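Hi,

Here is the structure I said I would pass on. Have a look at it first, and my notes on what turned up follow below.

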Amino acid sequence: MMRNFYLIKNPEKAGADRVAREICRYIESRGGTCMVREKDGAEETSQASERAGMWETGQASESAGMWETSRESEQAGMWETSQTSETAPMSDHLSICTPHPHFQYTDAHRVPLDTECVITLGGDGTMIQAARDLAGRQIPMVGVNLGNLGYLTQIGRQEDVEGLLDALLDGQYQLERRMMLKGSIFRKEILVKEDLALNEVVITRRETLRVLKFRIYVNGEYLSQYRADGMIAATPTGSTAYNLSAGGPIVEPNARMVILTPICPHDLNGRSIVLSAQDVVEIEVLGNDDAGQVAVFDGDQAVYMKVGDRIRIARSDIETILVKLKNISFLDNLRSKLAGI
């Protein structure tokens, strides 16, 4: 049974404020606590939530938001990012113990230590962003869909929100552990950037309409060379996202595998390849345009790549924990979503 909840709402979704208020009122009526992440970065807390006990920030914590860059990384030409400051690589071992070193919306250090569940109000994108921001905290997440399609979110705005809350408060749920990918970008054999993805890591063109060239290795062995608009490395969770739009296969989300799907391949033999979770994929950028391609993590973090750069993609030790209601199966969700397309 859960009692302490943290709500993350997408303020751009109609009705998010109203749904958040309804959820908090109901949770508090059942003796729980509820904290809501506000658009301006502040949290709105109930009287009970004020006793939840926030993260303490020491000297080390205050500097944990940004990682120091090594002298070698600075000499490598460093990367440019569209949304965040330059951050140095992180290791899985360290990330398991500390929150994700940079966040887009939710600062993990402001989420109370005794939070038992994160509820996202928005769509799949809101939940994915929360999963990346809170990576390493191992807090179960569940989503209320206020958008259109939603493969990750459990219920929609027209459905019974109280039924979801009753299931959480009464312990009528299951937990699913979804694998994540870690992408490591190397420039001249120097590690210059790492990040995590719940859905996919995509190598795509930056701006101009041009064909990209890749050379792909699996476990150090040469696989093939591709000419395409891009390449997707997806998890089973991400198989119903960009991978599906690009013609890739739908995979049961509890599976452990990596799906490689070329985007608009310019070869007749361009097909998806499904690999095991133990395989390590390396994608080398070919061509002669240093500013033509970018690596994108879950459609969020973007890293410019130069010709000769390699990105190593492997299963991360960090997993995302999702709440699954007992009466909703993956096939039920998939059938309803496909019927609505």
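Let's begin with a pair of facing residues: lysine 182 sits opposite leucine 196 of strand 8. Keep in mind as you read that this is a predicted model. Strand 7 (residues 173-187) and strand 8 (residues 190-197) run antiparallel, and seven bridges join them. Together they form a hairpin with two residues between the strands, and there lysine 188 takes a positive phi near 55°. As for cover, six of the eight residues of strand 8 are buried, so you can call this strand mostly covered.

Now go back towards the start of the chain, to helix 1. How far apart are the end C-alpha atoms of helix 1? They are 20 Å apart, which agrees with the 20 Å that its 14 residues (16-29) should span at 1.5 Å a residue. Its buried residues are Ala16, Val19, Ala20, Ile23, Cys24, Tyr26 and Ile27. Looking down the axis of helix 1, you'll see these buried residues fall within an arc of 165°, so they line one face of the helix. On the face turned away from that buried side are the exposed residues Arg25 and Ser29.

What do the buried residues of helix 1 pack against? The list is strand 1 (4-9), strand 2 (33-37), strand 4 (117-122) and helix 6 (161-170). Just after helix 1 there is also a glycine, number 31, with a positive phi of about 90°.

Strand 2 is worth a look too. Five of its five residues are buried. Thr33, Met35 and Arg37 point one way from the strand, while Cys34 and Val36 point the other way. That fits the usual pattern: in a regular strand, side chains alternate between the two faces of the sheet. Strand 2 runs parallel to strand 1, with five bridges joining the two, and valine 36 is the bridge partner of leucine 7. To get from strand 1 to strand 2 the chain passes through helix 1, in a β-α-β crossover that is right-handed.

One last spot is threonine 237, in the loop between strand 12 (230-234) and helix 7 (242-245). Is threonine 237 buried or exposed? Its relative accessibility is 5%, so threonine 237 counts as buried, the cut-off being under 20%. Its side chain makes a polar contact of 3.1 Å with the side chain of arginine 178. Leaving aside neighbours within four places in sequence, the residues in contact with threonine 237 are Leu152, Arg178, Leu198, Asn199 and Pro253.

Cheers

Conventions:
Residues are numbered from 1 along each chain as its sequence is written. This is a predicted model: local features need pLDDT of at least 70, side-chain atom pairs count only at pLDDT 80 or more; totals for chains, interfaces and linings use all residues. Side-chain values use heavy atoms; hydrogens and water are left out. Helices (H or I, at least four residues) and strands (E, at least two) are DSSP runs, numbered from the N terminus. The expected span of a helix is 1.5 Å times one less than its number of residues. Buried means under 20% relative accessible area, exposed over 50%, partly exposed in between (1.4 Å probe, protein chains only). The arc is that of the directions from the helix axis to the C-beta atoms. Contact means heavy atoms within 4.5 Å. Two strands pair if DSSP finds at least two bridges between them. A crossover is right-handed if, with the strands pointing away from the viewer, the path from the first strand over the helix to the second runs clockwise. A polar contact is a pair of N or O atoms within 3.5 Å; within protein, one must be able to donate a hydrogen and the other to accept it, and residues adjacent in sequence count only if both atoms are side-chain atoms.
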